[in-house]
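Visitor: Could you take me in for a close look at the largest pocket? I'd like to hear what lines it and where that lining comes from.

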Amino acid sequence: MKAKIFAKLKQEYSSLGLGDEYLMSKAESLAATGLVTDDNIDAVVACQRKELEGLQKANDKRVTDALEKERKKHEEETRKKEQEAEEARKKAEEEAKKKGEPKPQPDNDMASVLKRMEEMEEANKQREAQYTATIKTLTDKNTELGKTVKELSDKNAEAEAAAAKAARTAMIQAKAKELGVPQWRIDEGFTLAEDASDEVITETLTKVANNINTNLLPGTKNIFPMSGNDPTKEELASMAASIVK
């Protein structure tokens, strides 16, 4: 069933970009509940849309916000450097004016132009490298988040599976008591498939109860339980009553 759920989730939500690892962990979690069947699998998968789309939007927003923050940071640094350069130029002009020196003129010779172009290119390369490093950091964090989500999903699946198993055991024991199966027989446990339906469980427990009642009838050799446990006072009274009849 886990494979079927995963295939359905991937078919329906692969466009969200959540990755196979997360979708598989989600499939495991749903399968562990024991409530998904071939009849309701489509409805169960459809019910996951809100949660998965919410997770995808949260991931996209986090990455977008981080990129926007980095872009603004680069713009602010560039603006600040340009402002500092402009202030330095004005200061140099003022100092030159005070000293009676000619106003500094921009150097337009080819060598200076090429040098400035190289400096600008180098600055662009540095910004690009920093931007790439930032993207990698964000990607790594996103991957780590995916792993964390999977770990949490696995733990949740284990907890759900344990709860489902405990609930199933309690249901079987309650049904057995309802059908009159004695406690010593309940303690021995019953051989039931993990995916046994309520109908099969009831049928099996009914047979167990009938077999025990049959053994208690007068003339039956195996009056006492085969488990080796001593019968209770109530069981002895029941046996005696059946023999007297």
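Guide: Three helices, α5 (110-178), α6 (183-188) and α7 (198-215), each put at least two residues into the lining of the largest pocket. Keep in mind that we're looking at a predicted model here. Of those contributors, α5 hands over the largest share of the lining, 9 residues. The whole lining runs to 24 residues. If you want to park your view at the middle of the pocket, go to Ala164, Lys165, Arg168, Glu194 and Asp195, the lining residues that lie nearest its centre. As for space, the volume of this pocket comes to about 770 Å³. Chemically, the lining splits into 12 nonpolar residues, 6 polar ones and 6 charged ones.

It's worth setting that beside the second largest pocket, where α5 turns up again. There, α4 (49-98) and α5 each supply at least two lining residues, and α5 gives the most, with 9 residues. This pocket holds about 500 Å³ of space and has 15 residues around it. Nearest its centre you'll find Lys81, Glu119, Met120, Ala123 and Arg127. The make-up of this second lining is 3 nonpolar, 5 polar and 7 charged residues. So much for the neighbour; back at your pocket, the tally to hold on to is 12 nonpolar, 6 polar and 6 charged, with α5 as the main supplier at 9 residues.

How values were computed
Residues are numbered from 1 along each chain as its sequence is written. This is a predicted model: local features need pLDDT of at least 70, side-chain atom pairs count only at pLDDT 80 or more; totals for chains, interfaces and linings use all residues. Side-chain values use heavy atoms; hydrogens and water are left out. On a 1 Å grid over the protein atoms alone, a cavity is a set of points where a 1.4 Å probe fits but cannot get out, and a pocket is an open set with protein on both sides within 12 Å along at least five of seven lines; lining residues have an atom within 4 Å of a point. Grid points are joined across faces, edges and corners, and a volume is the space filled by probe spheres set on the points. Helices (H or I, at least four residues) and strands (E, at least two) are DSSP runs, numbered from the N terminus. Ala, Val, Leu, Ile, Met, Phe, Trp, Tyr, Cys and Pro count as nonpolar, Asp, Glu, Lys and Arg as charged, and the others, Gly among them, as polar.
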